[in-house]
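Please work through the following exercises with the sequence and the structure open side by side. Each task is followed by a solution that goes step by step.

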Amino acid sequence: QVHLVESGGGLVQAGGSLRLSCAASGSIASINVMGWYRQAPGNQRELVARIISGSSSNYADSVKGRFAISRDNAKNTVYLQMIDLKPEDTAVYYCNADLILLGGPQQYRYWGQGIQVTVSS
C-alpha cells in the first residue's frame, strides 16, 4: 500500500507565501513523476505543476514565476513553494505520484487526500 500525505496548507493574505510538502510512503520501488493539482469549488481539478525524476518540470501558465516545484528523491517528497499568492489560488491542493511498486513493473498513479489553501484579499 502507498500513502501520500500533504502538509503546509492554510490561510494566508494576498501577496503571502506558503510551502506545501507531500511525502510518499509504502512499498515503492521508484517514482517517475510527482505533481500538484488543485480544485476550486465549482471547477475541475487542474494541473499546477509537476516534476519528473530527472528534475524536468512544467507549470500551469497561471502560476509561472510564482510557484516552484522541487523534490527530494531520497525522501520520496515533493514540495511546492508558492509566493505572491492571489485569491484565485484558493483551492484544495492535491499531490500525486506516478510510481512503480516493489515487484513492478507496472506504473500506478496515487493521490493524496488534499489540503486547503485559502488566500484572503
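## Exercise 1: A salt bridge between two strands

R109 has a relative accessible area of 43% and is therefore partly exposed. Bear in mind throughout that the model is a predicted one.

**Task.** Find which side chain R109 meets in a salt bridge, and state where in the chain the two residues lie.

**Solution.** Start from the side chain of R109, which forms a salt bridge with that of D98 at 2.7 Å, N to O. Next, place the two residues: R109 belongs to strand 10 (residues 107–111) and D98 to strand 9, so that the pair, 11 residues apart, links distant parts of the chain. Finally, set the accessibility of the partner beside that of R109: D98 is at 9% relative accessibility and so counts as buried, because the limit for buried is under 20%.

## Exercise 2: The cavity

**Task.** Determine how many cavities of 30 Å³ or more a search of the whole structure finds, and describe the lining of the largest cavity by residue and by element.

**Solution.** The search of the whole structure yields one cavity of 30 Å³ or more, and the volume of the largest cavity is about 60 Å³. Its lining is made up of V33, M34, G35, Y37, L47, R50, N96, A97, D98 and R109, a list that includes both partners of the salt bridge in the first exercise. Turning to the elements, two or more lining residues come from each of strand 4 (28–39), strand 5 (46–52) and strand 9 (91–101), and strand 4 gives the largest share, with four residues. Sorted by class, the lining holds five nonpolar, two polar and three charged residues.

## Exercise 3: The neighbours of strand 4

**Task.** Work out how strand 4 pairs with strand 9 and with strand 5, and then describe the surroundings of I28.

**Solution.** Begin with strand 9, which runs antiparallel to strand 4 and is joined to it by 10 bridges; one of the residues to look at is S30, whose bridge partner in strand 9 is I100. Then take strand 5, also antiparallel to strand 4, with six bridges between the two, where W36 stands opposite A49. Strands 4 and 5 form a hairpin with six residues between them, and in the turn G42 has a positive phi of about 80 degrees.

For the last step, go to I28, which is in strand 4 and counts as buried because its relative accessibility is 12%. Leaving aside residues up to four places away in sequence, I28 touches V2, N76, L99, I100 and L102. Compare also its position with that of Q1: the two are 27 residues apart in sequence, while their C-alpha atoms are 8.6 Å apart in space.

## Exercise 4: Salt bridges that involve loops

**Task.** Find which parts of the chain the salt bridge between R66 and D89 ties together, and name the network to which these residues belong.

**Solution.** The search of the whole structure finds six salt bridges, and one of them joins the side chains of R66 and D89 at 2.8 Å, N to O. R66 is in the loop between strand 6 (57–59) and strand 7 (67–72), and D89 is in the loop between strand 8 (77–82) and strand 9, so this pair ties together parts that are 23 residues apart in sequence. Both R66 and D89 are buried, and they are linked with R38 and E46 in a network of salt bridges.

For contrast, consider K86 and D84, whose side chains meet in a salt bridge at 3.7 Å, N to O. K86, with a relative accessible area of 29%, is partly exposed, and D84 counts as partly exposed at 38%.

## Exercise 5: Backbone angles

**Task.** Describe the backbone at N76, at D84 and at the bond between G104 and P105.

**Solution.** As background, most residues other than glycine have a negative phi, and most peptide bonds are trans. N76, which is not a glycine, has a positive phi of about 50 degrees; it is located in the loop between strand 7 and strand 8 and is partly exposed at 23% relative accessibility. D84 likewise has a positive phi, near 50 degrees, and lies in the loop between strand 8 and strand 9. Lastly, G104 and P105 are joined by a cis peptide bond with omega about 0 degrees, and P105 is found in the loop between strand 9 and strand 10.

Note on methods
Residues numbered from 1 in each chain as written. Predicted model: local features only at pLDDT ≥ 70, side-chain atom pairs only at ≥ 80, totals over all residues. Heavy atoms only, no water. 1 Å grid on protein atoms, 1.4 Å probe; cavity = no way out; pocket = protein on both sides within 12 Å on 5 of 7 lines; lining within 4 Å. Points joined across faces, edges and corners; volume = space filled by probe spheres on them. Nonpolar A, V, L, I, M, F, W, Y, C, P; charged D, E, K, R; others polar. Buried < 20%, exposed > 50% of the residue type's maximum accessible area, 1.4 Å probe, protein only. Contact = heavy atoms within 4.5 Å. Salt bridge = Lys/Arg side-chain N within 4 Å of Asp/Glu carboxyl O. Pairing = 2+ DSSP bridges.
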